[in-house]
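Subject: Structure handover

Hello,

Here is the structure I promised you. Please open it and keep it beside this email as you read.

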Amino acid sequence: MAVSGFEGFEKRLELHFFGDDNDPTVTTMALRLLDFESLENVLRVVQCTVVSAVGNHFFDAYVLSESSLFVYPTKIIIKTCGTTQLLKSIRPLIHLAKNLGLTICGCRYTRGTFIFPKSQPFPHINFKQEVIYIEENLPNNLCFRKASVMPSKNPSYSWHVFSAASDNGAHFSDGEFTVEVCMTELDRVLARKFFKTGGDSAAKEMTELTGIGNINPRALICDFVFDPCGYSMNGVDGDRYSTIHVTPEDGFSYASFEYVGSVYDDQDDIVETLKKAVQVFKPATVSVSTTSHRREVWTRVAHAMEPLGLKCRSFAMDEFPTAGTVVFQTFTAARRK
């Protein structure tokens, strides 16, 4: 493995807010009213910028120089890789929301195990430091708090989760689930497809050539190619997003896929979506975290991985106040132990 390289593993922060339900702008716009300059200022603190954006009736999706940002009326999801200082966005986002008449009622922070942990800046030096920093920046009304490191058989693949919520616990939707997939040791031939070769249409061509466009054909895709290599995309499908980020360099190759679904979807769709996403990269190692209030989501993950020759190596489950159940599973190519 390289001594140091680009850190593919993302940090992910999800903040939920509530306001006056009788005010129609709270349910339809609210946080989406934040001006672009305000968002840019927050991102500057985190140390990334917006490179591409798309929106629809439900939310706005931004591709960042380091991953993605999604802004819903009462929810913000920000996911950043590299040596960004993601948690420094908490305080300014709470402040901006307060100016719009919104109060924070939920926070969830997740990440895998960094490939290059010694390169991470404060407050991301270690998980204990991250938890202390989050707790110092959250108001007291978020009284239900829990931090957990979910293990696997391989110490290089742990899942870190911090969750906090107020007793106004209706913010994490019962029917919604989030799947976060982290893939390492990508197939070298497939990884080469994420090196820039074309001109202005390079991103669109990459999306089609790699099969990413087929993962959810209904989604409006906002994609971006980095120079000399690397790729990011956000998919927008109604009120749901999906996102992919790729660091293709040999020795620390990494790809992530995340999407939001509903437990009321066809269960076979969950399997097919995951299969299509993982097949784009043919990784040697995959970790999958599902966050949901229902059991049926995580049981489908193995159904997607096994036909691809990936064998389940570890399984961990933990409950988080009002955020639901997080299940963390790791898989490796059956040819490798």
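Below are my notes on the sheet, the aromatic rings and the annotated sites.

One caution before the details: this is a predicted model.

**The sheet**

Start with the open sheet of eight strands. The strand order is S2-S3-S4-S5-S1-S6-S8-S7, and the pairing is antiparallel. Which strands stand at the edges? They are S2 (50–55) and S7 (144–150). Each has a single partner strand, so one side of each is left without a neighbour in the sheet. On average, neighbouring strands are turned by 10° against each other, direction ignored.

Helix H2 packs on this sheet. H2 touches S2, S3, S4 and strand S5 (75–80). The direction of H2 makes about 40° with that of S3.

Further along the order, strand S6 (residues 103–111) runs antiparallel to strand S8 (residues 159–165). Six bridges join the two. For a landmark there, take Thr-110: its bridge partner in S8 is Val-161.

**Strand S3**

S3 deserves its own look. How many of its five residues are buried? Five of the five are, so the strand is mostly covered. Both faces are covered. Asp-60, Tyr-62 and Leu-64 lie on one side, with Ala-61 and Val-63 on the other.

S3 has S2 on one flank of the order and S4 on the other. Five bridges join S2 to S3, and the two run antiparallel. In that pairing, Ala-53 stands opposite Tyr-62. A hairpin of four residues makes the connection from S2 to S3.

S3 and S4 also pair in the antiparallel sense, over five bridges. Here Leu-64 stands opposite Ser-67 in S4. The hairpin that joins S3 to S4 has two residues.

**Aromatic rings**

The structure holds 12 aromatic pairs. Two are described here.

One is formed by Phe-36 and Tyr-62. The centres are 6.4 Å apart, with 25° between the planes, and the pair is stacked. Where do the two residues sit in the chain? Phe-36 is in helix H2 (residues 36–46), and Tyr-62 is in strand S3 (residues 60–64). They are 26 residues apart, and the pair links distant parts of the chain. Is each ring residue buried or exposed? Phe-36 is partly exposed, with a relative accessible area of 38%. Tyr-62 is buried, at 12%.

The other is Phe-70 with Tyr-241. Their ring centres lie 4.1 Å apart. The planes stand at 20°, so this pair is stacked too. Phe-70 belongs to strand S4 (residues 67–71), and Tyr-241 to strand S12 (residues 240–247). This pair also links distant parts of the chain, with the two positions 171 residues apart in numbering. Phe-70 is buried, with a relative accessible area of 1%. Tyr-241 is buried as well, at 2%.

Phe-70 and Tyr-241 are also members of an aromatic cluster, together with Phe-59 and Tyr-72. Tyr-72 has a further neighbour: Lys-75 lies over the face of its ring, at 4.5 Å from the centre. A second lysine is placed in a similar way. Lys-146 lies over the face of Phe-320, at 5.1 Å from the ring centre.

**Annotated sites**

The UniProt record, an unreviewed entry, has the annotation "binding site". Which residues does it cover? They are Phe-6, Glu-66, Phe-226 and Glu-249. I looked at the two phenylalanines.

Phe-6 lies in the segment before strand S1 (11–18). Phe-6 is partly exposed, with a relative accessible area of 31%. Beyond its neighbours within four places in sequence, Phe-6 is in contact with Glu-66, Cys-81, Gly-82, Phe-116, Thr-247 and Phe-252. Glu-66 in that list is itself covered by the annotation.

Phe-226 is in the loop between strand S10 (220–225) and strand S11 (231–237). Is Phe-226 buried or exposed? Its relative accessibility is 19%, and the cut-off for buried is under 20%, so Phe-226 counts as buried. With neighbours within four places in sequence left aside, its contacts are Leu-64, Ser-65, Lys-196, Tyr-231 and Ser-232. Leu-64 is one of the buried residues of S3.

Best wishes

Technical notes. Residues numbered from 1 in each chain as written. Predicted model: local features only at pLDDT ≥ 70, side-chain atom pairs only at ≥ 80, totals over all residues. Heavy atoms only, no water. Phe/Tyr/Trp six-rings, centres within 6.5 Å; stacked < 30°, edge-to-face > 60°. Buried < 20%, exposed > 50% of the residue type's maximum accessible area, 1.4 Å probe, protein only. Lys NZ or Arg CZ within 6 Å of the ring centre and 35° of its normal. Pairing = 2+ DSSP bridges. Axes fitted to C-alpha atoms, helices over the stretch in contact; angles between N-to-C directions. Contact = heavy atoms within 4.5 Å. UniProt positions renumbered as here; feature names shortened; annotations may be inferred.
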